[in-house]
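Welcome! Please take a moment with the sequence and the 3D view below, and then read on for a short guided tour.

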Amino acid sequence: MLSKSCQQVHELNFSDVESEVLTLLSRMTIEEKIGQMSQLSGDGCIVSKNLRKAIIAGHVGSILNEVDLDTINELQRIAIQESRLGIPLLIGRDVIHGFNTIFPIPLAQAATWSPKIVERCAKIAAIESSSSGINWTFAPMIDIARDPRWGRIAESLGEDPYLCKTLANSMVKGFQGDSLSDTNSIAACAKHFAGYGASEGGKDYNTTNIPENELRNVYLPPFKAIAESGVATFMASFSDLNGVPVTGNNWLLTTVLRDEWNYSGPVVSDWEAVPQLVIHGFAFDDYDAAGKACTAGIDMEMASDCYLKHMKHLMNNNVISLDKIDSVVKRILTLKFNLGLFESAITSPNQPSNSLNTDHLSIAKEAVIKSCVLLKNDNQILPIAKSAINTLAVIGPLADDGYEQMGTWAFDGKENQSHTCLNALKEVAKNAFNINYAVGMETTRCNHHDGFAEAIDTAINADIALMFLGEEAILSGEAHCRSSIDLPGAQEQLINVIHATGTPIILVIMAGRPITLEKIISKVDAILFAWHPGTMAGPAITDLLFGVESPSGKLPVTFPRTVGQIPLYYAQKNSGRPPIDEKYINIDNIKMRAPQTSFGMTSTYLDTHFSPLFPFGFGLSYSQFCYTKIKLNNKVIPMGGAVEVSATINNVGNYNAEEVVQLYIRDIVGNVTRPIKELKGFQRITLGKGESMVVTFKLHTDELAFYNQQMEYKPEAGLFHVWIGGDSSTTLKTEFEVTD
Ligand code: GLC
């Protein structure tokens, strides 16, 4: 089959791969070439007659959603031994935040602000999934998400391009390792290219209208970053981008991705997105859709068969050229060679998965500990001192649900392997204090109050009411968007009746998105936001609640006061009439017949304060950190130079703790308006109580670049403000000037 022996294939370097690909390509029929461009869904642990036939005929390049090792090995065997050219298969799966060991959802991993943790989680996911024969994951999802109504915010790395691209690089490194051909490496996939997070109304699959300047300055940077650092594949978004659905968008998939970025990996469509071009009203029929998608730059069609059915006709009608097909198939074959599939596509049953072993669980626990965000902690009610309580009331539908705590896209998680909070609390309580548990509500969406009496009774007889509320996993993720982002069901009422007992409330929230908490925040003494924490929720959250660890997570997304504020994000433009705190007038204080301009004309609301409830980058610790003495090594920097910005951080609290120190800038005047703050650096530090540290950031003028009116990417001379702080509302500021 190959001009070299299998063993020699392993030593292939780039030019070898290129020549092997060309040799193989020269021997392929057009049907076999088109077959490589088709990804079909598995049949779930069996190899159907049709699938067997299609593989033997060379009509399948990839299978997705098959996870049984024996089945996958049989599929690979058929491809290698029974098809004419023996081309192995790409085996794809959504390994989004873990395989069997489920880590916190990506939005939670973003809250760790830890590239190291994100990389470790991805590495373990690759080890576990590759041992099942999977060699391609459809992750990282790096859509910038600024609308928490959108269910897929749960899968994202948040609202900020800098944080997103930094963590995306780490996730890709974790999945792909040092070499794609390593046993435990799997190909990663940058998705959903691009702008999907701007779906109008926060409704999934909806229209996106993003001016090119905004697209290039906000939505594209994470994709460009990992395209440059070697992500193996891309996935096109479902969405209609400025009137041209991405699946048929030549500008995005060819002009930007190929011509400008010179990206060489394959691009896969999203699920049945090719025939959906007809539904968009962008293609007349599947034949037209196949032609438009392939022309635009979709190399492989996921789950539908427009390419299989129509590509040959498109070629005969000169809509698609043989050169185009060859360039597409070369990319797919190159990936297969780079993955080492021609050397060995069969996965040994003895390949250790280490699924859910102690090391994997220990990393999972650390990820939860570092991702939880402490939003409120009145009177330092947290951490709980075991000696100070006799009875703890545990209330809520998410205290003991090993399935829901895994969150969305946890297809291969094992619910029975989840460590729930209630079980972990019972371990801690042994011989120390009593636990009384009341579920309060069967589900988070339950609207009746049947369980309230028991919950009230539990709380009345307890020193603290520990409530586990939030959203079930199904309430976020793909196609699961909400027009309200309050706590669902009667949860707010449940909080009110427990509050009325007078027992202090510690609220742990598990959710796949920011929740609007303004109506209940005064009723609880502390809030620990745990997102959907995955397998190790219990041990991690318990360690935080009892002070074994101090919370250090920071919000990767803004938490609005009300859904009416959306879109609300820290890196807003200033507008010509920015909101002014002193000018804020509550609607209830407006005098009748007040003159129209009597209380200022600024960008604000009459019925809600314009600020978020919790800003991007926010997160409390059990200790307190004091930021002082921001300094520059130079006040004036020549273009092409760099400035060092530092500040002193003091741990003035009573705990040894970690803190994420953040660096923000503002370009005061630009060829296009620039955000009032932009994250340009962060460092996670550890400080013992009473200790202080000088944290320094180095900022090169290249990092001040942006796309201007002429779509040129470059920094501009002028005045810059610079802040260092523990969240995006920091006021510790200085300024420097960049000179041409
Ligand atoms: C889904 C999602 C995409 C996923 C793919 C395969 O519809 O949009 O993120 O990777 O199909 O499951």
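How many nonpolar, polar and charged residues does the shell around the ligand have? There are six nonpolar residues, one polar residue and five charged residues in that shell. Before going further, please keep in mind that this is a predicted model.

## Around the ligand

Let us start with the names. The residues surrounding the ligand are D94, F138, R152, K191, H192, M235, F238, D270, W271, M302, W409 and E478. You may like to find them one by one in the viewer.

Several of these residues place polar side-chain atoms by the ligand's oxygen atoms. For D94, a polar side-chain atom is 2.5 Å from an oxygen atom of the ligand. K191 also has a polar side-chain atom by a ligand oxygen, at 2.7 Å. In the case of D270, an N or O atom of the side chain lies 2.6 Å from an oxygen atom of the ligand. As for cover, the ligand taken alone exposes 310 Å², and 94% of that is buried by the protein.

## A sheet of three strands

Next, look for an open sheet of three strands, in the order β5-β6-β9, with parallel pairing. Its edges are β5 (189–193) and β9 (267–268); each has a single partner strand, so one side of each is left without a neighbour in the sheet.

Strand β6 (residues 233–236) pairs with β9 in the parallel sense, over two bridges. Within this pairing, M235 stands opposite V268 in β9. M235 may sound familiar, since M235 is also one of the residues surrounding the ligand.

## A sheet of five strands

Further along the chain you can find an open sheet of five strands, with mixed pairing and the order β18-β26-β25-β20-β21. Here β18 (636–638) and β21 (678–687) stand at the edges, and each has a single partner strand, so one side of each has no neighbour in the sheet. From one strand to the next, the twist averages 25°.

Which way do β20 and β25 pair, parallel or antiparallel? Strand β20 (residues 657–667) and strand β25 (residues 718–725) pair in the antiparallel sense, over six bridges. One residue pair to look for is R666 and H721: the bridge partner of R666 is H721 in β25.

## Salt bridges

Side chains of opposite charge can pair when their charged atoms come close. The structure holds 37 salt bridges. One of them joins the side chains of D299 and R258, with 2.9 Å from N to O. This pair links distant parts of the chain, 41 residues apart: D299 is in the loop between α13 (286–296) and β10 (301–302), whereas R258 is in helix α11 (residues 250–260).

## Unusual backbone spots

Most residues other than glycine have a negative phi, and most peptide bonds are trans. With that in mind, here are some places worth a look.

A139 and P140 are joined by a cis peptide bond, with omega about 10°. P140 is found in the loop between β4 (136–137) and α8 (161–176). Another cis peptide bond runs from F193 to A194, where omega is near -5°. A194 lies in the loop between β5 and α9 (212–219).

What is the sign of phi at N262, positive or negative? N262 has a positive phi of about 60°, although N262 is not a glycine. You will find N262 in the loop between α11 and β9.

Terms used. Residues are numbered from 1 along each chain as its sequence is written. This is a predicted model: local features need pLDDT of at least 70, side-chain atom pairs count only at pLDDT 80 or more; totals for chains, interfaces and linings use all residues. Side-chain values use heavy atoms; hydrogens and water are left out. A residue is near a molecule or strand if one of its heavy atoms lies within 4 Å of it. A polar contact is a pair of N or O atoms within 3.5 Å; within protein, one must be able to donate a hydrogen and the other to accept it, and residues adjacent in sequence count only if both atoms are side-chain atoms. Accessible areas come from the Shrake-Rupley method with a 1.4 Å probe; for residues, only the protein chains shown count as cover. Ala, Val, Leu, Ile, Met, Phe, Trp, Tyr, Cys and Pro count as nonpolar, Asp, Glu, Lys and Arg as charged, and the others, Gly among them, as polar. Two strands pair if DSSP finds at least two bridges between them. Helices (H or I, at least four residues) and strands (E, at least two) are DSSP runs, numbered from the N terminus. Axes are lines fitted to C-alpha atoms, for helices over the stretch in contact, and angles run from 0 to 180 degrees between N-to-C directions. A salt bridge is a side-chain nitrogen of Lys or Arg within 4 Å of a carboxyl oxygen of Asp or Glu.
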